[in-house]
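I opened this model to look up three things in turn: the contacts with DNA, the salt bridges and the internal cavities. My notes follow in that order.

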Amino acid sequence: MDTSKLTKQLNKEQLTAVTAPLEHILVLAGAGSGKTRCLTYRIAWLIATDKTNPHNILAVTFTNKAANQMRFRIDNLLTEPAKGLWVGTFHGITHRFLRTHWQAANLSQSFQILDSNDQLRSIKRLLKALAVDEKVFPPKKIQNFINTNKDEGLRARNLTADENDLWLNQMIEIYQIYEENCQRSDVVDFGELLLRCYETLRDNPQLLEYYQQRFQFIHVDEFQDTNNIQYKWLQLLAGQNSKLFVVFDDDQSIYAWRGAKIENIQRLQHDFANTKLIRLEQNYRSTSKILTAANVLIANNTKRLGKNLWTNGAIGEPIVLYQAYSEVDEAWFVAEQILAWQGSRKEVAILYRTTAQSRQFEEILLQKNIPYRIYGGLRFYERLEIKDILAYLRLSMNRNDDNAFERVINTPKRGIGERTVVMLRGEARQQNISLWQASNNIFASGQLSKRAANSLQNFMALIEKLANLELPLQEKIEYAKMSTGLVEHYQKAGKEEAQGRLENLEELANAAHQFERQYNNASSVLSGFLDHAALEAGEKQSKSNDCVQLMTLHSAKGLEFEVVFLSGLEEDLFPHKNSLDDFNLEEERRLCYVGITRARKLLYLCHSKSRFRYGERNICKPSRFIEEIPEELIKKVRLA
DNA sequence: GTGGCGTGGCTTTTT
DNA sequence: GCCACGCCAC
């Protein structure tokens, strides 16, 4: 194949990286320097030059979006589809592994994925059962404890109790019981996907050998965001012979708070011999003014590998700084600037530190009739009605899924009240069985009132019926909607709300139809669809109209816009007041760096003299980050 | 089973 | 100030 198509479009450093010898390659890629391009071209180059078979290549990302984009771009570069190439998220790939090797992983074939919401519910139920006070052991804290430990690769049994720390001991115990519960219910939470996959590979030499042999070339995107277990997993999989190709930017590490370890970069250089570091420092995105601002700002961080982005591009407009009187004034200013902007609306982004800030912007954009789109918030598969119906389907797949059971046992109301459920829980706990099995026992024992027994029997029959239906997925969902009484249930709540919910259910049925058409294994299509729902929460709004984009700085990473508004640049908000120690402050600064480098042409910095927060109006000082940007790059404006 | 009231907490978020 | 959630009373 003619590979000049591949190599022509690259600059010198990109070319060096893409065509680097088959060693461990680390690419330090600054913002806007062609990071994804480098990764996709490398993979395409490996295949096109017959260095390897696609079958021997693995590429890992953090988000579904990044994975889809990568696959799409690789396909476009190649003349024929890369068969056997694995591209996916850490969770997607480890999930795929567990589905294939469920026995080795000590799971059942029909195990289900627990999303964070379900996980929290599950913890709450567990606390109730254990009669643990939620005030002393807040469920969210426990969830965090469990997830943090799983991210570190630690199970409850790996944690050491401390006789002087009763709180810790209790946490460990809850963690332990939570693990047992999940195992019994045959569910796997997000952290578990990785941990379980890691352990299964570690403990099964033949499997490990197979995958080490298979994945000769392992590619990782956004490596600075990897946590401990992800690192260990990669290390295990790479073994002695596989070659890593890792792309990262230490200056864009903004997820330390959820376990990401920047040190993994040094760790990798230490653990793998002969790594080669390549730097991509030419920026193709921003004007030189914007880039200089970003460079000077980030230079204030001490813990960095250090790099200097440069550009051949235009000098550009000065960065605009606006001091507002209030958050309302700030939003007004932003809206006025957007109205004056001639270009496309979707090329404009309003970025903020906290989600709560979006409301002010929404109100004004609505008033001024400027279409907008907000990222974040509730996603499609997280909606109540969707989760309800999926819970029915899950239960029909796996009767032991206690989470699903609890969710739908009395939704819609069918006369199985708290009393009955308490009895079921008691039986389940005593016998160490699932709620479904407990229902069977309790029903057989004749302890229930006639009415309750009747309702329970009907409920169980309903689930059995659903399980045995041989219908296409879409029709199954339609059937579930009606037979469960959920539709009526939502309609009771009020017209407008009901309409929205029913529309969503309709969309779910359509999604199921789409899914079924692309899925080639009819016998497991439901299971596949449920996995899909858990692993890809779905975008909030699918319409890609020409809208102004509103999002937090965190969700802006990886994106770029012609015009960027960085709002709320005030002390205590950005940097956030909970992040003022040295370590966290550097992360806040990186967050600001990410924000600045999203902009191609125009960058606005806004701060307000006062802001309404927590029911009070507070006086605000401008963010230290504003002062860190050289004055000569900035133009202060006042609104008439 | 539901609706009303009181309390607490409140950074970022993917999977 | 707002929302989510738990608790209690009807």
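**Entry 1, DNA strand B.** Working from a predicted model, I first listed what surrounds DNA strand B and found 23 residues, of which Asn 64, Thr 355, Lys 413, Thr 552 and Ser 579 come nearest. I then sorted the residues of this surface by class, which gave five nonpolar, 13 polar and five charged. On the DNA side, I noted that 55% of the strand B atoms within 4 Å of the protein belong to sugar or phosphate, while the rest belong to bases.

Which side chains place an N or O atom by a phosphate oxygen of DNA strand B? I wrote down Thr 552 at 2.5 Å, Arg 379 at 3.2 Å and Lys 413 at 3.4 Å. Thr 552 and Lys 413 had already appeared among the residues that come nearest to the strand.

**Entry 2, salt bridges.** The count for the structure came to 42 salt bridges, and I followed three of them in detail.

For the pair of Glu 179 and Arg 155, I found the closest N and O atoms 2.7 Å apart. The two residues lie 24 residues apart in the chain, with Glu 179 in helix α8 (residues 166–185) and Arg 155 in the loop between α7 (139–152) and α8. Are the two partners buried or exposed? Glu 179 has a relative accessible area of 16% and is therefore buried, and Arg 155, at 5% relative accessibility, also counts as buried. I also saw that this pair belongs to a wider network of salt bridges, which links Lys 150, Arg 155, Glu 179, Asp 189, Glu 192, Arg 196 and Glu 199.

Next I looked up Glu 327 and Arg 617, whose side chains meet in a salt bridge at 3.1 Å, N to O. This pair joins helix α14 (residues 327–340), which holds Glu 327, to strand β16 (residues 616–619), which holds Arg 617, across 290 residues of the chain. Glu 327 is buried, with a relative accessible area of 7%, whereas Arg 617 counts as partly exposed at 43%.

The third pair was Glu 385 and Arg 501, with the closest N and O atoms 2.6 Å apart. Glu 385 sits in helix α16 (residues 384–397) and Arg 501 in helix α23 (residues 495–518), so that I recorded a link between parts of the chain 116 residues apart. I put both partners down as buried, because Glu 385 is at 2% relative accessibility and Arg 501 at 19%, with the limit for buried being under 20%.

**Entry 3, cavities.** I counted four cavities of 30 Å³ or more. The largest cavity has a volume of about 200 Å³ and is lined by 17 residues, among them Asp 115, Asp 118, Lys 387, Leu 390 and Arg 394, which lie nearest its centre. By class I noted eight nonpolar, two polar and seven charged residues in this lining. Helix α16 supplies the largest share of the lining, four residues.

The second largest cavity holds about 60 Å³ of space. What classes of residue line the second largest cavity? I found ten nonpolar, no polar and no charged residues, including Trp 86, Phe 97, Cys 197, Tyr 211 and Trp 233. Helices α5 (90–100), α9 (190–203) and α11 (228–238) are the elements that give two or more residues to this lining.

Definitions and conventions:
Residues numbered from 1 in each chain as written. Chains lettered and ligands numbered in written order. Predicted model: local features only at pLDDT ≥ 70, side-chain atom pairs only at ≥ 80, totals over all residues. Heavy atoms only, no water. Near = heavy atom within 4 Å. Polar contact = N/O pair within 3.5 Å; in protein donor to acceptor, adjacent residues only side chain to side chain. Nonpolar A, V, L, I, M, F, W, Y, C, P; charged D, E, K, R; others polar. Salt bridge = Lys/Arg side-chain N within 4 Å of Asp/Glu carboxyl O. Buried < 20%, exposed > 50% of the residue type's maximum accessible area, 1.4 Å probe, protein only. 1 Å grid on protein atoms, 1.4 Å probe; cavity = no way out; pocket = protein on both sides within 12 Å on 5 of 7 lines; lining within 4 Å. Points joined across faces, edges and corners; volume = space filled by probe spheres on them.
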